[in-house]
Amino acid sequence: QRMQGAGATRNLGIEKAKGDYIYLLDVDDQIYPNAVNSLIKVLTDNPNIDAVFGRMKKDHRQISALSLQESDTGKVVLMEKPYWGLKWFSNLKYVVGPPAFLYRSSVFRKIGVYNEDLMLGQDTAFDIKLGMLCKVAFLDKHIYLYLKHENSTTQKVKKDRQRAFMVWPRLVKEHLPFYLTHKVPLRFKQLLFAQLYQSLGRQILFTYSIKKRIRLRAQLVSDIEMIKIPLLLKFSTIILVFFPFESLGKIYRYYVVPKLIAKLDA
């Protein structure tokens with residue numbers, strides 16, 4: 001199909017799939033021997049589990065050049081929802097890519113598919129939603145190799161843009177709507193608002209030209225107009241627009257945002 005992004009491509013595959021399980025593999029990744037069968041066994045042995053995931057290894061070498069992971073125990077860890085959703089949302093270092101997962105096909109009917117409005121991070125957005133709404137198991141076994149190379153789409157974007165700009169679409173197009181339409185624990189709300197506020201401030205600081213900062217702030221505020229924006233946040237971001245100094249950015253990050261998050265209620 002014509003280029004529409006990874007989300008649309010995966011959704012088309014999911015739509016056409018006929019089996020009980022869905023496994024997604026990106027073209028430049030590689031699977032460890034017997035990995036998919038191991039994931040299938042977990043779902044077969046645990047009919048109440050919606051999805052299972054294992055370990056991901058990142059390396060620039062081919063899988064044939066790597067030794068099998070002796071650290072793999074094969075242990076299955078079952079945690080109640082929303083444990084994995086909150087863990088992945090709290091720190092992206094815990095996130096693994098789609099090829100680490102095996103999903104029951106019913107998952108996509110239950111919680112929806114990938115957000116096609118996101119050109120980046122649609123897999124992270126989906127799996128956080130999965131972890132919030134579904135029963136997910138972890139298999140302590142390496143499932144796939146993520147090949148690191150400088151020509152990947154993600155690496156190119158990371159070079160060209162600050163992470164603050166990359167994360168914003170995922171927050172406002174996926175996690176914020178999820179918060180507004182679901183009953184979420186306080187921890188999810190705290191994580192969401194902290195990331196929104198931090199990203200908002202960083203984008204302003206990383207934008208050169210006062211005219212561009214004024215326009216950017218107006219757009220960002222408009223993106224989150226469905227939630228009540230605290231006066232302290234409005235005032236602080238206006239200051240950053242006119243005085244984009246790193247010292248003020250630190251005050252914003254380490255004092256203003258934590259103060260606002262501490263005032264959140266369930």
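Student: Which backbone nitrogen does the side chain of Asn 91 reach?

Tutor: That of Lys 93, at 3.0 Å. Keep in mind that we're looking at a predicted model here.

Student: What makes that a polar contact?

Tutor: The cut-off is 3.5 Å between N or O atoms, and the Asn 91 side chain sits 3.0 Å from the Lys 93 nitrogen, so the distance passes.

Student: Where is Asn 91 found?

Tutor: In the loop between helix H3 (83-90) and strand S5 (101-104). If you want a long-range reference point, take Thr 44: 47 residues away in sequence, and 30 Å away in space going C-alpha to C-alpha.

Student: Why is Asn 91 called partly exposed?

Tutor: Its relative accessible area is 31%. Buried needs under 20% and exposed needs over 50%, so a value in between gets the middle label.

Student: And Asp 140, is that buried or exposed?

Tutor: Buried, because its relative accessibility is 10% and the limit is under 20%. Asp 140 belongs to strand S6 (residues 136-147).

Student: Which side chain does Asp 140 pair with in a polar contact?

Tutor: Arg 55, at 2.6 Å. With the limit at 3.5 Å, that distance qualifies too.

Student: What else is Asp 140 in contact with, leaving aside neighbours within four places in sequence?

Tutor: Besides Arg 55, there's a run made up of Ser 71, Asp 72, Thr 73, Gly 74 and Lys 75.

Student: Let's zoom out. How do you know that the protein is as compact as a globular protein of its length?

Tutor: First, the inventory: 11 helices and 6 strands. The radius of gyration is 20 Å, and the globule rule gives 18 Å for 266 residues; those are close, so the description holds. The C-alpha trace spans about 55 × 40 × 40 Å along its principal axes, and 45% of the residues count as buried.

Student: How much of the contact set comes from residues 24 or more positions apart?

Tutor: 79%, counting contacts with a separation of 6 or more.

Student: How much space lies in the second largest pocket?

Tutor: About 260 Å³. It has 13 lining residues, and Phe 193, Tyr 197, Lys 228, Pro 230 and Leu 264 are the closest to its centre. Helix H8 (residues 186-205) supplies the largest share of the lining, 3 residues.

Student: What makes up that lining by class?

Tutor: The second largest pocket has 9 nonpolar and 4 charged lining residues, with no polar ones. Tyr counts as nonpolar and Lys as charged in this scheme, so Tyr 197 and Lys 228 land in those two classes.

Conventions:
Residues numbered from 1 in each chain as written. Predicted model: local features only at pLDDT ≥ 70, side-chain atom pairs only at ≥ 80, totals over all residues. Heavy atoms only, no water. Helix = DSSP H or I, 4+ residues; strand = E, 2+ residues; numbered from the N terminus. Buried < 20%, exposed > 50% of the residue type's maximum accessible area, 1.4 Å probe, protein only. Polar contact = N/O pair within 3.5 Å; in protein donor to acceptor, adjacent residues only side chain to side chain. Contact = heavy atoms within 4.5 Å. 1 Å grid on protein atoms, 1.4 Å probe; cavity = no way out; pocket = protein on both sides within 12 Å on 5 of 7 lines; lining within 4 Å. Points joined across faces, edges and corners; volume = space filled by probe spheres on them. Rg over C-alpha atoms; globule rule 2.2 N^0.38 Å.
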